[in-house]
Amino acid sequence: MRLYICTKCGKKFVEERLFCPSCLSEDFSESSINGATVSDRVQLFATPAKFPESYYVLLLSNGELKIFCRSDTDIKEGMKVRLDMEDSQHRCR
Ligand SMILES: [Zn+2]
């Protein structure tokens, strides 16, 4: 998964931005995240249309970066997961 880092203030984003909302800089460097650790999870039963009837939303952490992602399977806290982008949704397995 791609990571965009503001070259002025160091803030990190998982989506490409025209400018940094913190310092308004337009310069970013690119990096990538291979994995992150599950720090919290919740199972959803009332899900939006076009999504499965039930799935998990995981809160992942990778250093100071926190990312939400969707998972079809239950992945316990402390486990390492791989991140994929699918239809601009973060998925992990
Ligand atoms: Zn910045």
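**Figure 1. The hairpin of β5 and β6 in the predicted model.** Strands β5 and β6 form a hairpin with 2 residues between them. In the turn of this hairpin, G63 has a positive phi of about 65°. The model shown here and in the other views is predicted. Strand β5 comprises residues 55–62, and strand β6 comprises residues 65–71. The two strands run antiparallel and are joined by 7 bridges. One pairing to locate in this view is that of N62, which stands opposite L65 in β6.

**Figure 2. The protein chain as a whole, given as context for the close-up views.** The protein chain has 93 residues, of which 12% count as buried. It contains 0 helices and 8 strands, and along the sequence the pattern reads β-β-β-β-β-β-β-β. The C-alpha trace spans about 40 × 30 × 20 Å along its principal axes. Two domains divide the chain: domain 1 covers residues 2–31, and domain 2 covers residues 34–92. The centres of domain 1 and domain 2, taken over C-alpha atoms, are separated by 23 Å. Among contacts between residues at least 6 apart in sequence, 34% join residues at least 24 apart.

**Figure 3. The open sheet formed by β1, β2 and β3.** This sheet has 3 strands in the order β2-β1-β3, and the pairing is antiparallel. Strands β2 and β3 stand at the edges with a single partner strand each, so one side of each is left without a neighbour in the sheet. Strand β1, which consists of residues 2–6, is joined to β2 by 2 bridges. Between β1 and β3 there are 5 bridges, and these two strands also run antiparallel.

**Figure 4. Residue pairs across the strands, with I5 in view.** Residue I5 has K12 as its bridge partner in β2, and I5 also stands opposite S29 in β3. Residue Y4 has F13 as its bridge partner in β2. The hairpin of β1 and β2 has 5 residues between the strands. Within this hairpin, G10 takes a positive phi near 85°.

**Figure 5. The surroundings of C20.** Residue C20 lies in the loop between β2 and β3. Is C20 buried or exposed? It counts as buried, because 20 C-beta neighbours lie inside 10 Å, and a residue is buried if 20 or more other C-beta atoms lie within that distance. Leaving aside residues up to four places away in sequence, C20 touches C6, K8, C9, K11 and S25. Of these contacts, C9 is 11 residues from C20 along the chain, and the C-alpha atoms of C20 and C9 are separated by 8.7 Å.

**Figure 6. Residue L18, placed in the loop that follows β2.** Residue L18 is found in the loop between β2 (12–13) and β3 (28–32). How many C-beta neighbours does L18 have inside 10 Å? There are 7, so L18 counts as exposed; the exposed class takes residues with 12 or fewer. Residue I67 gives a further point of reference, since L18 and I67 are 49 residues apart in sequence. In space, L18 and I67 are 20 Å apart, C-alpha to C-alpha.

Note on methods. Residues are numbered from 1 along each chain as its sequence is written. This is a predicted model: local features need pLDDT of at least 70, side-chain atom pairs count only at pLDDT 80 or more; totals for chains, interfaces and linings use all residues. Helices (H or I, at least four residues) and strands (E, at least two) are DSSP runs, numbered from the N terminus. Two residues are in contact if their C-beta atoms, placed from the backbone, lie within 7 Å. Domain bounds come from an automatic or database domain assignment. Two strands pair if DSSP finds at least two bridges between them.
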